Amino acid sequence: MAATGSRSLPLTSEQDIVLARQAIRRAAQQIGFGIVDQTKIVTAASELTRNALLYGGGGTLEWDVVAENGRQGLRLTVIDHGPGIEDLTLAMKDGYTTGTGLGMGLPGAKRLVNEFKISSGPGAGTTVVVTRWK
Amino acid sequence: MERIPILKMGKFLLITIQIEMDDRVALQLQEDLAAQIEKTAARGVLLDISALEMVDSFIGRMIGNISATAQILGARTVVVGMQPAVAITLVELGLSMARVKTALNVERGMAMLTASEASEDGSDRE
């Protein structure tokens, strides 16, 4: 998988969720995503960046245009250095939350993308990598 | 901070969301609307989200909360104008918004509110 032109955005306040949505919308438009694909990847970005802020104390969003077998996609990497997730299986369950949210963020974001990888552990922060193909 | 205006139209309140909603703006709208319903004794709320290009779980929950709060204060809420791509994404995300009344556009939403008002006049108020 070839990646070109990685870009990033710091996540330090709620306003950054809006900036993240705008940046991912532009990136998705630039590679010619249709309106439904745009909306899905932007919504996934919104969920994941909010999680990084609420549960990880902030972090970074990186995005790349990736290519594989002649198709293009958008890959997002959301990194936080928070307390990490103790039980990933539980965190991926619909409706589970340790905070005040709906528990929709991670499982919901997973349904909006084609590839979803999460790595986390107590004290190790959390990294989520998602890809949506055109 | 930006605020979303709430307009009074007869017995109803009209909210048109035309700015990019961050979480604080969404929470402020919930408070402002509750205050306006109390102040105006509005019987219905029309929430026009046609300019929203995305509804995530936070904004979806805000819409649900607005509807529930308005209901308790005696006003029906109809959410109008959701873009098709937003609706598709919302369902895939896992939010069905089953408890929220919706209509395709402002005109139909207004007709729903007017009809429910008319059916209540002459019968006992809830």
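**Figure 1. Ala41(B) in the loop between α1 and β3 of chain B.** Ala41(B) counts as exposed in this predicted model, because 10 C-beta neighbours fall inside 10 Å, and 12 or fewer make a residue exposed. The loop that holds Ala41(B) links α1 to β3 of chain B. Phi of Ala41(B) is near 50°. That is a positive value, and the residue is not a glycine.

**Figure 2. The β-α-β units around β3(B).** Strand β2(B), residues 12-16, pairs with β3(B) in the parallel sense. The pairing runs over 5 bridges. In this pair, Ile15(B) stands opposite Leu47(B) of β3(B). Helix α1(B), residues 23-40, joins β2(B) and β3(B) in a β-α-β unit, and the unit is right-handed. On to strand β4(B), residues 76-80: β3(B) runs parallel to β4(B), and 5 bridges join them. Here Leu47(B) has Val79(B) of β4(B) as its bridge partner. The chain passes from β3(B) through helix α2(B), residues 57-72, to β4(B). This β-α-β crossover is right-handed.

**Figure 3. Burial of strand β3(B).** The strand spans residues 44-48 of chain B. How many of its 5 residues are buried? The count is 4, so β3(B) is largely enclosed by the rest of the structure. A residue is buried if 20 or more other C-beta atoms lie within 10 Å of its own. Across chain B, 35% of the 126 residues count as buried.

**Figure 4. Fold of chain B as a whole.** Chain B has 4 helices and 5 strands. Read from the N terminus, the order is β-β-α-β-α-β-α-β-α. The radius of gyration is 14 Å, close to the 14 Å that the globule rule gives for 126 residues, so chain B is as compact as a globular protein of that length. Along the principal axes, the C-alpha atoms fill a box of roughly 40 × 30 × 20 Å. Take the contacts in chain B between residues at least 6 apart in sequence: 77% of them join residues at least 24 apart.

**Figure 5. The side of chain B that touches chain A.** The contact takes 18 residues from chain B and 22 residues from chain A. Which elements of chain B give two or more residues to this side? They are α1, α2 and α3 (84-93) of chain B. Helix α3(B) supplies the largest share, 6 residues. By class, the residues on this side of chain B divide into 7 nonpolar, 3 polar and 8 charged. The model scores ipTM 0.87 and pTM 0.90.

**Figure 6. The hairpin of β2(A) and β3(A).** Strands β2(A), residues 59-68, and β3(A), residues 71-80, pair in the antiparallel sense. They share 10 bridges. One bridge partner of note is Ile79(A) in β3(A), which pairs with Thr60(A). The hairpin has 2 residues between the strands. Asn69(A) lies in this loop between β2 and β3 of chain A. Its phi is near 50°, a positive value in a residue other than glycine. Is Asn69(A) buried or exposed? Asn69(A) counts as exposed, with 6 C-beta neighbours inside 10 Å.

**Figure 7. Strand β3(A) against β5(A).** The pairing of β3(A) with β5(A), residues 126-133, is antiparallel. It extends over 8 bridges. Arg75(A) stands opposite Thr131(A) in β5(A). Confidence in chain A is highest in β5(A), at a mean pLDDT of 97. It is lowest in strand β1(A), residues 2-11, at a mean of 81. Where pLDDT is low, the predicted coordinates should not be read in detail. The mean pLDDT of chain A is 91, and 94% of its residues reach 70 or more. For chain B the mean pLDDT is 91, with 95% of residues at 70 or more.

**Figure 8. Gly99(A) in the loop between α3 and α4 of chain A.** The flanking helices are α3 (88-91) and α4 (105-111) of chain A. Gly99(A) is exposed, with 10 other C-beta atoms within 10 Å. Which residues does Gly99(A) contact, leaving aside its neighbours within four places in sequence? They are Leu54(A) and Tyr55(A). Gly99(A) and Tyr55(A) are 44 residues apart in sequence. In space, their C-alpha atoms are 7.8 Å apart.

How values were computed
Residues are numbered from 1 along each chain as its sequence is written. Chains are lettered from A and ligands numbered from 1 in the order in which they are written. This is a predicted model: local features need pLDDT of at least 70, side-chain atom pairs count only at pLDDT 80 or more; totals for chains, interfaces and linings use all residues. Two strands pair if DSSP finds at least two bridges between them. A crossover is right-handed if, with the strands pointing away from the viewer, the path from the first strand over the helix to the second runs clockwise. Two residues are in contact if their C-beta atoms, placed from the backbone, lie within 7 Å. Ala, Val, Leu, Ile, Met, Phe, Trp, Tyr, Cys and Pro count as nonpolar, Asp, Glu, Lys and Arg as charged, and the others, Gly among them, as polar. pLDDT is the predictor's confidence in each residue, from 0 to 100. The radius of gyration is taken over C-alpha atoms; the globule rule is 2.2 Å times the number of residues to the power 0.38.
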